[in-house]
Structure formats: structure tokens, C-alpha cells
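This report looks at one protein chain, taking in an annotated span, the nonpolar cores, a buried polar side chain and the salt bridges.

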Amino acid sequence: MSPWLTVVGIGEDGFSGLGKTARRALLSAARVFGGQRQLDLLPACIGAERLTWPSPFSLAPVVALRGEPVCVLASGDPMLFGVGASLARVIPGDEMHVLPSASSFSLAAARLGWALQDVVTLSVVARPVAALNAHLHSGVRLMVLSNDASSPTAVVELLRERGFGPSRVHVLEHLGGPTERRIEASADDWNACDMADLNLIAIECIASHDAHPLSRIGGLPDSAFKHDGQLTKRDVRAMTLARLAPLPGQLLWDVGAGSGSIGIEWMRSYPSCRALAIEADEGRQQLIEHNRDALGVPGLRLIRGKAPHALAGLERPDAIFIGGGVTREGVLDTCWQQLKPGGRLVANAVTLQSELHLMNWRALHGGELTRLHVAHARPLGEFDTWRQALPITLLDVTKPHDA
């Protein structure tokens, strides 16, 4: 089928800023979908029926018109945090023609003189502002698409709370249009109000002296997490993550997640990594929710329940970590069954019973057992001595591709 759907990126300069191909597509379309602001940019000569997106948002009205000449309007580049990327997941590429215009990021980079390839681009459109926490480091430049007029204030408050009050904040409104405006100040000095709904926030991150930026390398300090003692400690966590070996786009099951540290650090390793934290204890569920936001991965999904029953119906993972419950009947077997071929399973044991369970399971399925002994120097009178933490037995096994 030839392209029946044209996705047109439109800027604040409206119809006059579009190229000939985009204009022709709009003039020949039977229906045009878009937000009300985008539809209002079209002149009267566009005779197509103008349709706003349903609430809640759905692509179904567009998909239902397959084969008819349809246009969809999007802000700037439709494939950059835009509806074009969503449509591409449900409509074959040879049925869709995408005509981008300059994105807000491109326009902001031009106004500020920033090299766009060196900027971290983010969006808080229908997304939690807490996602910024993973990117706050001195010297980093961020560009953030706002959800609405309240977003700049929310971002400034987050910067202050995280010790980044000296950061320089630029809010650019209606980029590319006749009412374009730019406001800038440090986060500490920010008092701007009456923001436009259509804005982008650019941030030059500067940490104050009392800020504690956190590396993305696995093995954050234990103090980075709120916990009740049920926490995979720093040194063991670093070694566990090394064996889990996160890769972009992969999904982890963190079974018996405790405070969520393994799943959180898995997601911090690459922006596209995903994780499900399976935890039955209500108190620990609250700790997971706090930690995922504080450490910048609000997309971590919490599964409230006890394995193996809570695992039913979940998307099959690329890797599994079992931090608790290895002796519970069916946990290891269910995880192994659901793990994708070529996936990694890592399980930690502290007690003799759980260690024996791992040894017996390894005899059937293979893998590598490692005993970890970690000691820390602690005071003993006027001197120091080594204090041994409980030893950990770690099972690391890769599922065969033919399993």
C-alpha cells in the first residue's frame, strides 16, 4: 500500500513555514488530526475535516481510516518525543510519510549557541519530573520539553532540592513564532511566573558545594537508598550488576526487590533499560517508590505480590535477579522458564538453606557459583580491625539459546 498517512511537523510560524510537500498533503487530505493549537495554525483554505485527539489519547481514530488520505499535525519533529514515533509502532513505514520541521531542541540550541549533540534531551510531557534526577551532574547541559506552564517551576524546585541551585535555567517560549520569549536566571534566584504552556527548559547544571552527584556505574553508596536493612550492599551489588550485564533496551525482573536497588541501578545504566521490581512487603514497596524517583528512574514498574504467583503474565525478561525467596517453591523454576533464551539469571544466597538450594539447582542447569567475602575496617579500641560481613553465595547462569 502506498502512503496514505502524512505526518506533518508544524512550527509556531504555522502554514507559511511549511514546505510545498507538506502544504500539498494538507490541501489534499480528507481529514487532519492534531491538537487544537496546531489545528488553529491552519488557514481557511484547508478544506479537510479537522479532528482533535480524543481524551484519553488514542491513535485508534487514525488507524481506523487506513487507506484514506489523512494528515496528522505534530509539533516540530514528529519522531522526537512526538506522535510520529507512536504512529510508527502501529502503522507500517511504507504507509506513512513523515515531514519534520525544526524541533524545539534544534531551535533552542540555535538560540543558545549550544552544540546539540552534546546536550541531553529529555521530556516531561506526561512524564514525571523526577526523571531528571539521573542526569544532574556539573557541566551537563539539559534541554527539557515542558508539559505545561507549571513545568519550569517544578524543575527549578527539583534543582534546588538536589543541590543544583547555582544552575543556569533558560525558559524559551513559543520558539520560532512571533511571540517567542526567553527568560533566564539561576535556579536559586528564579521567581518567574506567568509562563506560557508552550515552553522548553534549558539547564546548565552547576552543583553547589553540598551536592552529592551520583555516578551511573553500578555500586552506588548504600546511603543513596532508603531501606530497612533489606538491601543488596554496595560491593555485592556492583558484582551482581556486572554479572547481570545490562544492555540497552533490555528488561530485568528484580524478584524479591527489597529496596529496589538492583532494578534501579539496572535502569540507571542505560536510559532505555527497563525493570520490574517484584515485592510483597508494603513497607518495602513504599521504599522502592521513593528510591526510584530520588534516583531518577520513575519508570521502574512495581509489581505488588509474592513470587512465583506475582510473575504470572509478566513480559518475559532478558535478565533476572533473585535477591530473596530462592528457597520458596517454584521461584527458581518459574524464573528459569520465563527467562528468554540467552538471558542471564543471577541469584544471591546468605543462609545455608538457600545456598544448598542454589547448589542443587546448579547441578541440574549449570552455571557458576561464587562465594563473596567482604570485610571493612572498623575501630577496635585505639586501633582498627577487619569486620567481616556475612558471606554471599552468588549463582550466575546463562540460559542456552536452544532451551
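How far apart do the end C-alpha atoms of residues 5–187 lie, and what percentage of the span is helix and what percentage strand? In this model, which is predicted, the end C-alpha atoms of that span lie 43 Å apart, and the span is 23% helix and 25% strand. The residue range is taken from an unreviewed UniProt entry, whose annotation "domain: Tetrapyrrole methylase" covers residues 5–187.

**Nonpolar cores**

In soluble globular proteins, nonpolar side chains tend to be buried together. Here the largest nonpolar core has 28 residues, and those with the most contacts inside it are F225, L244, L252, W266, L295 and L300. At least two residues of this core are supplied by each of α7 (234–244), α8 (261–269), β12 (274–279), β14 (319–322) and β19 (392–398), and the largest share, 4 residues, comes from α8. For L295, once its neighbours within four places in sequence are left aside, the residues in contact are N133, A134, L214, L220, A224, F225, I264 and R268. A second core, separate from the one just described, comprises 25 residues and includes L251, L332, L345 and V397.

**A buried asparagine in helix α9**

N291 has its place in helix α9. With a relative accessible area of 1%, N291 is buried, because the cut-off for that class is under 20%. The side chain of N291 reaches the backbone oxygen of S259 at a distance of 3.0 Å. S259 also appears among the residues in contact with N291 when neighbours within four places in sequence are set aside, the others being A224, F225, K226 and I264. Of these, A224, F225 and I264 are likewise in contact with L295.

**Salt bridges**

A search of the whole structure finds 16 salt bridges. Three of them, each linking distant parts of the chain, are set out here with the distance between the N and O atoms.

| Salt bridge | N to O distance | Separation in sequence |
|---|---|---|
| R37 and E12 | 2.6 Å | 25 residues |
| R31 and E49 | 3.4 Å | 18 residues |
| E289 and R304 | 2.6 Å | 15 residues |

In the pair formed by R37 and E12, the arginine lies in helix α2 (residues 36–39), while the glutamate lies in the loop between β1 (5–10) and α1 (20–28). Is R37 buried, exposed or partly exposed? R37 counts as partly exposed, at 33% relative accessibility, whereas E12 is buried, with a relative accessible area of 17%.

The salt bridge between R31 and E49 joins two strands, with R31 in β2 (residues 31–34) and E49 in β3 (residues 49–52). R31 counts as partly exposed at 24% relative accessibility, and E49 is also placed in that class, at 41%.

For E289 and R304, the link runs from helix α9 (residues 282–294), which holds E289, to strand β13 (residues 301–304), which holds R304. E289 is partly exposed, with a relative accessible area of 24%, whereas R304 is exposed, with a relative accessible area of 52%. Beyond individual pairs, salt bridges that share partners join R31, E49 and E68 into one network.

Technical notes
Residues numbered from 1 in each chain as written. Predicted model: local features only at pLDDT ≥ 70, side-chain atom pairs only at ≥ 80, totals over all residues. Heavy atoms only, no water. Core = buried A, V, L, I, M, F, W, Y, C linked by side-chain atoms within 4.5 Å. Buried < 20%, exposed > 50% of the residue type's maximum accessible area, 1.4 Å probe, protein only. Contact = heavy atoms within 4.5 Å. Salt bridge = Lys/Arg side-chain N within 4 Å of Asp/Glu carboxyl O. Polar contact = N/O pair within 3.5 Å; in protein donor to acceptor, adjacent residues only side chain to side chain. UniProt positions renumbered as here; feature names shortened; annotations may be inferred.
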